Amino acid sequence: MTLAISGTTGITLATQFDSASTFGFKNRFINGAMQVAQRGTTGTSGSAVPTTTPTYPSIDRWYAYATGATVSVAQIAGTGAIKNNLQVSGAASVTAVGVGQRIEQLNCYDLAGSTCTLSVNMSNSLLTTVTWTASYATSANTWSAKTTISTGTFTVTGTLANYTTQIVVPAAATTGIEILFTVGAQTSGTWVIGNAQFEPSTTVATSFDYRPYGTELMLCQRYYYRTTASGTSYSIFGTGWNESTTTGNHSIRFPVTMRIRPTALEQSNTAGHYGVLYAGTFIVATSVPSFVNYTNSDMAAVLITTSAVLTAGQGSALSSQLNISSAYLGWSAEL
Amino acid sequence: MIYKILLINIDGLAIYARIEDDGKCYLTCAEDHPEFKEWVEAGNTPLPAEE
């Protein structure tokens with residue numbers, strides 16, 4: 001860094017401090033450190049190259065697919081100063097694997113017409129070639145069609161190391177940017193990815209942008225939100241009223257305004273994990289909680305069914321069964 | 001994996017349950033859910049609601 005003091009221009013901090021990527025939200029990836037995993041620490045990839053609806057198996061914001069057979073994707077412990085990485089475990093018959101992130105238009109609009117730097121930690125115990133591909137959506141945040149910006153390869157080893165490349169983002173790329181990492185037949189072994197960063201920079205990759213965990217979680221919750229029972233006593237998800245003697249209608253405010261109105265509700269597949277709390281009594285559900293169209297980007301509505309013992313019109317709460325920690329409700333507004 | 005109609009809301013719109021190959025249901029959705037729309041556009045038809 002150069003510090004220049006001039007009677008004419010004042011104090012000038014050159015190079016690092018006036019770099020485009022130095023201040024504020026320089027890493028346009030969300031959860032590049034792989035620390036947020038609301039869906040759980042392990043999951044199964046999608047089974048085909050995604051178009052409009054990728055599969056997000058584990059770590060927030062990172063979709064994964066495999067062809068030939070699915071693969072396990074997990075959040076694993078890192079080493080040294082790195083807390084977590086994403087790990088793909090190879091499987092027989094796999095012909096290709098992809099891990100990627102789609103950056104929302106509003107978070108990369110300013111990158112159009114500039115040069116950016118992609119940096120990422122990687123290792124692979126089986127394969128040595130990782131292909132990266134940058135694309136932009138044909139229309140805003142709509143990925144049914146996309147245009148390739150550029151592509152290239154990293155030659156990786158079994159030891160985690162940092163790889164960087166420069167990407168010239170065209171002026172037309174104002175619709176959202178996707179970075180996809182792919183490998184070939186990962187039929188065994190593991191592929192590890194961490195500290196992924198995509199930043200505006202015309203020179204070199206800068207240090208990884210660690211954001212506070214709470215900030216990163218909130219950034220993730222714009223795209224996916226899951227609330228999980230505490231496992232202690234009854235865990236209240238939301239409050240509302242008994243719509244009839246057999247149904248409760250309850251509302252849950254999202255912690256962050258979601259990108260778009262969610263159109264589905266995820267749950268644990270077990271009706272007995274959920275129920276209605278009212279008048280000092282827990283009434284177990286007879287079917288799993290259901291999505292309700294009243295849901296918007298700020299608040300969810302959930303319908304729950306019980307035996308005909310509720311009093312219509314009374315206030316009530318949607319709750320987990322006693323001491324159940326596997327009950328959850330989840331909503332997606334992913335790209 | 002299939003979808004079946006779970007219920008009709010008071011707004012007249014259907015809610016669908018996604019039934020996995022093992023019979024489990026982890027997701028219910030509206031008819032404008034992107035994954036459900038893709039499934040329908042692929043030529044599939046949701047099952048009617050159970051009586």
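What follows is a short walk through this predicted model, from its overall build to a few of its side chains. Residues are numbered from 1 along each chain as its sequence is written, and chains are lettered from A in the order in which they are written. Local features need pLDDT of at least 70 and side-chain atom pairs count only at pLDDT 80 or more, while totals for chains, interfaces and linings use all residues; side-chain values use heavy atoms, leaving out hydrogens and water.

Let us start with chain A as a whole. Its C-alpha atoms fill a box of roughly 75 × 60 × 40 Å along the principal axes. Chain A has one helix and 23 strands, where helices (H or I, at least four residues) and strands (E, at least two) are DSSP runs numbered from the N terminus. Of its 335 residues, 51% count as buried; buried means under 20% relative accessible area, exposed over 50%, and partly exposed in between, with a 1.4 Å probe and protein chains only. Among the contacts (heavy atoms within 4.5 Å) with a separation of 6 or more in chain A, 74% join residues 24 or more positions apart.

Now look at how strands line up. Two strands pair if DSSP finds at least two bridges between them. One open sheet has six strands in the order E3-E5-E6-E13-E8-E11 of chain A, with antiparallel pairing. Its edge strands, which pair on one side only, are E3 (42–44) and E11 (161–168) of chain A. At the E3 edge, E3(A) pairs with E5(A), residues 72–77, over three antiparallel bridges, and Thr44(A) stands opposite Ser72(A).

Elsewhere, E9(A), residues 129–139, has two antiparallel partners to follow. With E10(A), residues 142–155, it shares 10 bridges, and Val130(A) stands opposite Phe154(A) there. Two residues lie between the strands of this hairpin, and Asn141(A) takes a positive phi near 60°. With E12(A), residues 177–183, E9(A) shares six bridges, and Thr131(A) has Thr182(A) as its bridge partner. As a general point, side chains in a regular strand alternate between the two faces of the sheet.

Which residues touch the most other members of the largest nonpolar core? They are Phe181(A), Trp191(A) and Phe198(A), in a core of 41 residues. A nonpolar core is a set of buried Ala, Val, Leu, Ile, Met, Phe, Trp, Tyr and Cys residues joined through side-chain atoms within 4.5 Å. Leaving out residues up to four places away in sequence, Phe181(A) touches Val130(A), Thr131(A), Phe154(A) and Trp62(A), among others.

Trp62(A) leads us to the aromatic rings. Rings of Phe, Tyr and Trp (its six-membered ring) pair if their centres lie within 6.5 Å; planes under 30 degrees apart count as stacked, over 60 as edge-to-face and the rest as tilted. Over all chains there are 14 such pairs. The rings of Phe29(A) and Trp62(A) have centres 5.0 Å apart and planes at 55°, so this pair is tilted. Phe29(A) lies in the loop between E2 and E3 of chain A and Trp62(A) in the loop between E3 and E4 of chain A, so the pair ties together parts 33 residues apart in sequence. Phe29(A) is buried at a relative accessible area of 0%, and Trp62(A) is buried at 1%.

Finally, visit E23(A), residues 328–332. Four of its five residues are buried, so this strand is largely enclosed by the rest of the structure. E23(A) pairs with E14(A), residues 224–228, over five antiparallel bridges, with Thr227(A) opposite Leu329(A).
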